[in-house]
Amino acid sequence: MPRRRGALCRIARLGLVLACLLLVPAQAIAARVAVVLSDDSAPYQEVYQVIRAHLDDTPHEVSRMDADGLTTPSLNEARLTVAVGVHAAEVVAALPTRSPVLAVLVPRAWYLKSGRARLSDGGRRSASAIYLDQPFERQAQLIRLAFPEVRRVGVLLSREQGGLLTELDEALRSQRLSLTHATLAEDERLIPQLENVLSEADLLLAFPDSQVFNRNTAQSILLTSYRYRDPVLGYSRSLTRAGALLSLHSSPAQIGRQTAEWVGSVLQGGAARLPSPAPPAYFSISINEQVARSLGFALPPAAELEKRLGGGR
């Protein structure tokens, strides 16, 4: 009888433990998040710091890792992997891990063309992304708000990004804007094609297309646009400083904030289910006042434009 009573007590204690575990909220169960950085540069570091700060008051552990030298065992204990930048995403994609992967600060064109397929590993791994680029609808709305007289928007793209033109055209048409464009072949001279676009356009819309906009070409594109008296809508604060009249962009801190919110939401559930890929939720507008005066444009303040676009900081 004592032996039977002891067994019953052990069963009762086990049942109590199981009941307590069932009552523990999912977010209280600690999880490990691996944040893989493409390199040590400031933008990637800033994304990591924001994620870590956001999860500081939770039981979850955030581990920073470098893409170079990354190995499968280092990711095995992670419930979720965040790859910051294209290089980090490509390194993670090449490893045979099974934890879900969220790629952030990556171009939309890269993710749709090759990143999604590689990260999902043929459907054996959950993957998603927060894009670096702004949605076309937001860009078209900003053009309409900031430049009510503009009718024709010019775009110069590489052939790799040419597939985006139909979607861009639809977004512009929704704001009663028309598209004039040229695609640049790899061995083709940039300035003649740019001038063809500028001769027909009222505004040049810049994209983060490294074959068109890079450190060797950006200044020439901006100066040529200025000579044609066409304002440039850029995609970064640095382009605004370099001579774009204004830019619509999301900072690493804003991308980090959105990433942290996604990570926190994912870790609340039992299974790590990622949201669908999305553009940046938070954004800023920067204006080059000197260029605006030189070209004769009087723009609303950046804060007002951000508010009218329904978002911002």
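The lining of the largest pocket comprises 19 nonpolar, 18 polar and six charged residues, where Ala, Val, Leu, Ile, Met, Phe, Trp, Tyr, Cys and Pro count as nonpolar, Asp, Glu, Lys and Arg as charged, and the others, Gly among them, as polar. This is a predicted model, in which local features need pLDDT of at least 70, side-chain atom pairs count only at pLDDT 80 or more, and totals for chains, interfaces and linings use all residues. Residues are numbered from 1 along each chain as its sequence is written, and side-chain values use heavy atoms, with hydrogens and water left out.

**Stop 1: the largest pocket**

Select Pro-107, Leu-132, Pro-208, Asp-209 and Tyr-235, the closest to the pocket's centre among the 43 residues that line it. A pocket here is an open set of points on a 1 Å grid over the protein atoms alone, with protein on both sides within 12 Å along at least five of seven lines; a cavity is a set of points where a 1.4 Å probe fits but cannot get out, and lining residues have an atom within 4 Å of a point. The space in the largest pocket is about 1200 Å³, a volume being the space filled by probe spheres set on the points, which are joined across faces, edges and corners.

Next, colour α2 (42–54), α5 (108–120), α6 (136–146), α10 (237–242), β10 (246–249) and α11 (252–268), each of which supplies at least two lining residues. Helices (H or I, at least four residues) and strands (E, at least two) are DSSP runs, numbered from the N terminus. The most comes from α5, with five residues.

**Stop 2: the largest cavity**

Keep Pro-107 and Pro-208 selected and add Arg-108, Ala-109, Asp-133, Gln-161, Leu-164 and Phe-207: these line the largest cavity. Its volume is about 40 Å³, and its lining has five nonpolar, one polar and two charged residues.

**Stop 3: the sheet**

Show the open sheet of six strands, ordered β7-β6-β8-β9-β10-β11 with mixed pairing. The edge strands β7 (178–184) and β11 (284–287) have a single partner strand each, so one side of each lacks a neighbour in the sheet. From one strand to the next the twist averages 25°.

In the sheet, select β8 (residues 203–205) and β9 (residues 232–234), a parallel pair with two bridges; strands pair if DSSP finds at least two bridges between them. Leu-204 has Val-232 in β9 as its bridge partner. Helix α7 (residues 165–173) packs on the sheet, touching β6 (152–158), β7 and β8, and its direction makes about 160° with that of β7.

**Stop 4: the second largest cavity**

Leu-204 also appears here, with Leu-156, Leu-194, Leu-205, Val-212, Phe-213 and Ile-221, in the lining of the second largest cavity. The volume is about 30 Å³, and the lining divides into seven nonpolar, no polar and no charged residues.

**Stop 5: α8 and α9**

Leu-194 and Ile-221 lead to the next selection: Leu-190, Ile-191, Leu-194, Glu-195 and Leu-198 in α8 meet Ser-220, Ile-221, Thr-224, Ser-225 and Arg-227 in α9, contact meaning heavy atoms within 4.5 Å. These residues divide into five nonpolar, three polar and two charged. The axes of α8 (residues 190–198) and α9 (residues 218–227) come within 10 Å and cross at roughly 35°; axes are lines fitted to C-alpha atoms, for helices over the stretch in contact, and angles run from 0 to 180 degrees between N-to-C directions.

**Stop 6: the second largest pocket**

Stay on α9, which gives the most to the lining of the second largest pocket, with five residues. Select Leu-222, Tyr-226, Ala-242, Gly-243 and Val-291, which lie nearest its centre among 17 lining residues. This pocket holds about 190 Å³ of space.
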